Structures are given as structure tokens and as C-alpha cells.
Amino acid sequence: MTDTVNRTPGADWLRCFRPAPGSRVSLVCFPHAGGAASAFRTWPRRLGDGIELYAVQYPGRQDRSGEPHIDDMEVMADAVAAALRPLLDRPLALLGHSMGAAIAYEVAQRLAAEPVATCAHLFVSGHPAPDMQRPGTLHESSDTGLIEDVRRLGGIAPEALDNPTLRELFLPTLRADYRLIERYAPSPRTPLRTPVTVLCGADDPEMTHAEALAWSRTTSGAFAVRTFPGGHFYLADQEARVVDAVTGTLDDVTGRDTAPLHGGRGLAR
């Protein structure tokens with residue numbers, strides 16, 4: 001299958017690698033700190049025709065490298081929520097990994113205030129619940145400090161970390177993203193009605209089981225935790241299993257008539 005990139009709607013912010021105009025739900029994916037929309041480029045090949053995937057392209061990277069980075073959560077979430085408005089003619093599901101999980105949650109809160117929005121599901125991965133947000137100061141550290149933290153977590157090939165030319169290209173993006181997430185100070189919010197599923201790497205040092213369970217406080221709808229083998233970047237190694245889990249959940253949530261799920265709470269492991 002040949003990848004295509006559709007830059008509308010939300011042309012600046014959203015990338016659609018395989019348009020599916022007859023789909024019943026749009027899945028919007030939010031990359032990790034230092035990441036880009038291409039992190040989800042292979043996912044559409046595993047999705048059925050009923051799900052159309054959009055990946056968020058933050059400023060300052062890849063085809064937006066000439067734009068200034070955004071290092072403030074409020075500004076970022078407002079901009080993404082505005083970019084999603086053209087997609088509100090069908091249910092949306094949001095999925096974010098690491099920093100992207102926090103952004104996806106903030107966008108879900110904004111969509112909850114839209115009179116016509118239907119957020120069918122929120123998937124959060126590799127990041128503590130908002131009320132257990134971990135502050136940090138790595139964004140103020142040396143380049144060496146940032147690189148060592150990336151080595152600890154994985155996600156960037158060691159040869160790229162060791163290449164001075166490549167480091168010069170990605171370090172400004174990485175520092176801006178760390179600044180955004182480390183300064184993120186979420187305020188108490190009314191729980192969403194949107195069902196929430198937490199996706200976890202069993203050996204992820206960035207989110208404990210207690211921090212995963214705490215996401216239950218962000219919703220009055222259904223709640224589940226799904227755990228996969230691996231560390232912080234388990235999504236890459238377990239892509240097929242993760243996409244299958246997401247697809248299965250969206251099949252249950254949206255069905256064939258696009259009706260969003262409302263119901264009791266549960267916990268799956």
C-alpha cells in the first residue's frame with residue numbers, strides 16, 4: 001500500500017497518511033516529546049476502513065521545522081482543539097503517548113465544551129494522570145543531560161544521539177517539548193464523560209501502576225487499563241498488539257452506527 005499524506009482539514013496541524021472518507025470514527029494521535037506525526041505513519045495499514053487516522057504535527061519539526069516551537073500547554077491544546085473543529089462531523093477518538101497523553105487530555109477537555117463535539121474515547125499512554133503530574137527541570141539542563149535522559153528511555157536511535165549534526169537538529173525541539181511538559185501544571189477539572197483507556201508498558205519507568213489507575217479520576221465514563229510488554233516506547237515493539245487493542249475498543253465504543261459509549265466503570269488489565 002502506498003502512503004499518502006492528506007493535509008486537510010487542519011492542514012498545518014494534522015497529517016492523514018491514508019484517507020478513509022467513509023470511516024465511522026476519526027482517531028487523532030499525539031506524539032511524544034521530540035516526536036512527530038511520522039511516529040504513527042505505519043498505523044493506518046493495520047486499521048480497518050472504519051477508522052481514519054490523523055497524526056498531530058507539532059510546530060518546529062519535520063515539515064514545520066521553520067515554525068517556532070510551542071512550549072506552553074495552554075497554547076498547544078487551544079491550537080490543536082481549533083484544528084480539530086473541521087472533523088467534528090463524526091465521532092473523534094484521541095490517543096496520546098507520553099507528552100502527547102497530557103496534550104490529548106487537555107484537548108479532550110476543550111472538546112467537551114464544544115456543543116457539537118463527540119469525543120468517543122480517550123487513550124492515554126506512558127504518562128501519569130494529571131493530578132499526579134511529575135514536574136521536572138531537565139529542560140534547563142545541558143545538552144548532555146537531555147541526551148542522557150533520552151538514552152534512558154529509548155525512542156531515538158543511539159547513532160542519532162551520537163551524531164553531532166543530528167543532535168543539533170533535534171535538540172531544540174526536544175528541549176522545547178520537555179519545557180512544555182515539565183512546566184505543565186494542570187488545574188482540577190470536571191471529569192470527562194468520555195471513556196478513558198490507559199495503555200501501559202509493563203516496565204515503563206515514566207508511569208507506575210498507581211499513576212495509571214489515577215486516570216480513572218478524569219472520567220465519569222468507562223475506564224480500563226491495558227498493559228503490554230516493554231518499556232516507555234513499547235508502542236514501537238508492540239505496534240500490532242496496541243493497534244489491535246485500540247481497534248477493538250473503538251469497535252465496541254462506536255459500533256457501526258457511530259453511537260458513543262455510555263455506561264458503567266470497569267477495570268481491565
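This dialogue covers salt bridges, burial and cysteines in a predicted model.

Tutor: The model is predicted, so local features need pLDDT of at least 70, side-chain atom pairs count only at pLDDT 80 or more, and totals for chains, interfaces and linings use all residues. Residues are numbered from 1 along each chain as its sequence is written, and side-chain values use heavy atoms, with hydrogens and water left out.

Student: Why is the pair Arg179 and Asp71 called a salt bridge?

Tutor: A salt bridge needs a side-chain nitrogen of Lys or Arg within 4 Å of a carboxyl oxygen of Asp or Glu. For Arg179 and Asp71 the N to O value is 3.0 Å. That is within 4 Å, so the pair counts.

Student: What makes this a link between distant parts of the chain?

Tutor: Arg179 sits in helix α5 (residues 164-182), and Asp71 in the loop between β3 (51-56) and α1 (73-84). They are 108 residues apart. Helices (H or I, at least four residues) and strands (E, at least two) are DSSP runs, numbered from the N terminus.

Student: How do you know whether Arg110 is buried or exposed?

Tutor: Buried means under 20% relative accessible area, exposed over 50%, and partly exposed in between (1.4 Å probe, protein chains only). Arg110 has 16%, so Arg110 is buried.

Student: What is Glu74 called, then?

Tutor: Glu74 is partly exposed, because its relative accessible area of 40% lies in between the two cut-offs.

Student: How do you know that Arg110 and Glu74 form a salt bridge?

Tutor: Their closest N and O atoms are 2.8 Å apart. That value is within 4 Å, so the rule is met. Arg110 is in helix α2 (residues 99-112) and Glu74 in helix α1, 36 residues apart.

Student: What makes Glu206 and Arg152 a pair?

Tutor: Their closest N and O atoms are 3.0 Å apart, so they form a salt bridge too. Arg152, at 47%, is partly exposed.

Student: Which residues do shared partners join into one network?

Tutor: Salt bridges that share partners join Glu74, Asp78, Glu106, Arg110 and Arg189. The count for the structure is 20 salt bridges.

Student: Why does Cys16 have no disulfide?

Tutor: A disulfide is a pair of cysteine sulfur atoms within 2.5 Å. The closest cysteine sulfur to that of Cys16 is in Cys29, 11 Å away, so it is too far for a bond. Cys16 is also buried, at 0%.

Student: What about Cys119?

Tutor: For Cys119 the closest cysteine sulfur is also in Cys29, at 12 Å, too far for a bond. The structure holds zero disulfides.
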